Each structure stands twice: as C-alpha cells, then as structure tokens.
Amino acid sequence: MNNDNNLLDEIINKSGGLYLMDSELIPLIEKAQNGCLLSQCTLADAFCCGEGAKKNEELARYFEKLMFNNTDDNRVKLGVLWNPAIREYQRGNYDKMIEKFNIAIDFMQENIPMEKWDFSLFAIMEKYTQLRE
C-alpha cells in the first residue's frame, strides 16, 4: 500500500496539491487503498464522470488501477481497460482511443475464453472507429 499512497500523493502534488470532491467521498479513499473494490469503483467513477468530484483523469486511472489489481474478475478488469478508450473517444483523441481498444482486445484474447466474449463491444468499436467519418 505504501507505493499506492506515494502514487496518490504524486498525482495530487502534480495538480498543485488540490482536488475537489464531496466530503462523503473522503472516507472512501482509505477504504479504496485498503482494497475495497466498491470504494475504488465509486472514486474512479466520481473522478471520471465529475459526479461528486471534479473530473481528473489521473485520479480516475489511479482508482481504476487499484480496481484492476484488486480483483480476479476479468469482466471488471476488461471494464477498467475499456473505459479509458471510451473517454478518449469522448475527448476526440481517436488515435489514443484505438490504442486503448487494442489493449482491451489483447486482454480479452489472453484472459477470456471466446465463448464468454461480449461481441457487442466490437460493434461499439466499429461505430467509434470506422463509422465516425
């Protein structure tokens, strides 16, 4: 956990030592760092979507990384890899989006049997990559 605390401190220092969040989310930080998946998910979502906290991609990724490392559920891990691709699409960073989709596909191939794939994800990828022109 010490490395996670140092990384969190580093992210906060990069932003001038400031970040905004609702007071009810503050106790979730320690819980998240101690392995509470629900707290990690709540904080990742808050910093990702700006609900209860000011949007902060680095903090969203920090809590998503904790989620990824805290679970054996490959569906959760795939979501952690998928969400940044969607955020890059929303920002109009199509090259970065494609890179992140490739990471998600690689993860699926290495960790999820094909019969358990959610093929609707490929339709979304097609829409966001090929049909956007």
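Start by selecting serine 39 and everything it touches: leaving out residues up to four places away in sequence, you should find Leu28, Lys31 and Ala32. Touching here is contact, with heavy atoms within 4.5 Å. Serine 39 lies in helix H3, and helices in this tour are DSSP runs of H or I with at least four residues, while strands are E runs of at least two, all numbered from the N terminus. Is serine 39 buried or exposed? It counts as buried, because its relative accessibility is 3%. The cut-offs are under 20% relative accessible area for buried, over 50% for exposed, and partly exposed in between, using a 1.4 Å probe and protein chains only.

Before you click on, a word about what is on your screen. This is a predicted model, so local features need pLDDT of at least 70 and side-chain atom pairs count only at pLDDT 80 or more, while totals for chains, interfaces and linings use all residues. Residues are numbered from 1 along each chain as its sequence is written, and side-chain values use heavy atoms, with hydrogens and water left out.

**Zoom out**

Colour by secondary structure. The protein has 7 helices and 0 strands, and from the N terminus the elements run α-α-α-α-α-α-α. Of the 133 residues, 36% are buried. Take the contacts between residues at least 6 apart in sequence: 52% of them join residues at least 24 apart.

**Alanine 53**

Next, select alanine 53, in the loop between helix H3 (37-49) and helix H4 (57-70). Alanine 53 is buried, because its relative accessible area is 8%. Which residues is it in contact with, leaving aside neighbours within four places in sequence? They are Leu20, Met21, Leu25, Ala46 and Phe47. Now add aspartate 22: alanine 53 and aspartate 22 are 31 residues apart in sequence, but 6.1 Å apart in space, C-alpha to C-alpha.

**Ring pairs**

Show the aromatic side chains. How many aromatic pairs does a search of the whole structure find? There are 9. Rings of Phe, Tyr and Trp (its six-membered ring) pair if their centres lie within 6.5 Å; planes under 30 degrees apart are stacked, over 60 edge-to-face, and the rest tilted.

One to pick out is phenylalanine 68 with phenylalanine 107, an edge-to-face pair at 5.9 Å centre to centre and 65 degrees between the planes. This pair links distant parts of the chain, with phenylalanine 68 in helix H4 and phenylalanine 107 in helix H6 (residues 94-111), 39 residues apart. Phenylalanine 68 is partly exposed at a relative accessible area of 22%, whereas phenylalanine 107 counts as buried at 9%.

Now go to tyrosine 89 and tyrosine 128. Their ring centres are 3.7 Å apart and their planes are at 0 degrees, so this pair is stacked. Tyrosine 89 belongs to helix H5 (residues 74-91) and tyrosine 128 to helix H7 (residues 120-129), so the pair ties together parts 39 residues apart in sequence. Tyrosine 89 is partly exposed, at 25%, and tyrosine 128 counts as buried, at 16%.

Stay with tyrosine 128 and add glutamine 90, another residue of helix H5. Glutamine 90 and tyrosine 128 are 38 residues apart in sequence and 9.8 Å apart in space, C-alpha to C-alpha. Glutamine 90 counts as exposed, because its relative accessibility is 61%.

Two more stops with rings. Phe47, Tyr62 and Phe63 are linked by ring pairs into a cluster. Then return to phenylalanine 68 and look for lysine 77, which lies over the face of that ring at 4.8 Å from its centre. For a charge to sit over a ring, NZ of Lys or CZ of Arg must be within 6 Å of the ring centre and within 35 degrees of the ring normal.

**Pockets**

Finish with a surface view. On a 1 Å grid over the protein atoms alone, a pocket is an open set of points where a 1.4 Å probe fits, with protein on both sides within 12 Å along at least five of seven lines; lining residues have an atom within 4 Å of a point.

The largest pocket holds about 210 Å³ of space. Its lining includes Phe47 and Gln90, which you have already met. Which element gives the most to this lining? That is H5, with 5 residues.

The second largest pocket has a volume of about 170 Å³. Select Trp82, Met108 and Trp117, which are among its lining residues. Here, too, H5 gives the most, with 5 residues.

Definitions and conventions. Grid points are joined across faces, edges and corners, and a volume is the space filled by probe spheres set on the points.
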